[in-house]
Amino acid sequence: VASWTRDQALGFRMAIVHVLSVAMLLVALPSARGWGSELAAVRSVRTVRAAPVKMAEIAVKNFEGAAAGECNVDFKVAKSGAYILQRKVVAEQANMRLGTASSKTRSDVRGGGRKPYQQKGTGRARRGSSRSPLLVGGGVSFGPKPKSYHIKMNKKEKRLAISTALMSAVPKMSVVEDLDSHFDMPRSKDMKAFLDRLSVDTKNNEGTLLITKERHENTYLSARNIPYLNLRTLDNINVRDILKAKKVFVATSAMDVLKGRYGAEAAASA
């Protein structure tokens, strides 16, 4: 110790102080008030779990728009509902992008192999090609190239996001009887009259989502030309359409499938 230099002695003292401060922090940490809940909250920030299933009642209407009873639903809801819904919407919008935008660099543009003018003696800047990004008709610097914007989500996480969105749409949701037998021929006028009977504000183009079990050709063609009506089948529902719609109507057969897929029975078997 007597042969230590000044810097060595100072480093040894700093190490002792650091060890003592860490030891005091470890002793005081368990007794700190409120630390346990904060640490638990930090651990659970990115954890997505299903909350206890809650029961809700939805009005059932017939094809004439009259009340025909009530339907009980109990879809699963995520504890961090806003977080998982935001992730699902971002993933859906990103996966809609084709990623086909492409531009040509100076090596992709045709021509430009000959040196435009001599290196020296002209007083101009040195040029080796007429396809430089600095010139008109040249390539593009750092332009877009084909790429994938795909965002992956786990299958259970996707299902939990859809069930959470469906449960959040219960206040604006109604169950209607199956429409296949009521549309013998494609006619948009009949579909608009049906929406009017369901109290949809067709004059102000109120956004409406209609979920059916399977695609029926006449029903699809009748709804195709109505801009504010979004007709979706069970194999093509998504969180973005559910949250965006002002009113949601679910066919009876589709609701039975949704209960089996996202309801209490599915939560118990998972």
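## A tour from the whole fold to one pocket

Begin with the whole protein on screen: among contacts between residues at least 6 apart in sequence, 69% join residues at least 24 apart. Keep in mind that this is a predicted model, and colour it by secondary structure, where nine helices and eight strands should appear. If you then switch to a surface view, you are looking at about 17900 Å² of accessible surface, of which 55% belongs to carbon and sulfur atoms, while buried residues make up 33% of the 270 residues in the protein.

Next, select strand 8, which covers residues 247–251 and is mostly covered, with four of its five residues buried. Add strand 5, residues 173–176, and you will see that this strand pairs with strand 8 in the parallel sense over four bridges; then add strand 6, residues 208–212, which also pairs with strand 8 in the parallel sense over four bridges. Centre the view on F249 in strand 8, and look for S174, which stands opposite F249, and for L210, which likewise stands opposite F249.

Now move to the second largest pocket, where about 280 Å³ of space lies. Select I162, D235, N236, I237 and N238, which are the closest to the pocket's centre of the 14 residues that line the second largest pocket. To see which elements give two or more residues to this lining, show helix 4 (155–168), helix 7 (239–244) and helix 8 (252–262). Finally, colour the lining of the second largest pocket by class, and you should find five nonpolar, two polar and seven charged residues.

Note on methods
Residues numbered from 1 in each chain as written. Predicted model: local features only at pLDDT ≥ 70, side-chain atom pairs only at ≥ 80, totals over all residues. Heavy atoms only, no water. 1 Å grid on protein atoms, 1.4 Å probe; cavity = no way out; pocket = protein on both sides within 12 Å on 5 of 7 lines; lining within 4 Å. Points joined across faces, edges and corners; volume = space filled by probe spheres on them. Nonpolar A, V, L, I, M, F, W, Y, C, P; charged D, E, K, R; others polar. Buried < 20%, exposed > 50% of the residue type's maximum accessible area, 1.4 Å probe, protein only. Contact = heavy atoms within 4.5 Å. Areas by Shrake-Rupley, 256 points an atom, 1.4 Å probe, with all protein chains shown as cover. Pairing = 2+ DSSP bridges.
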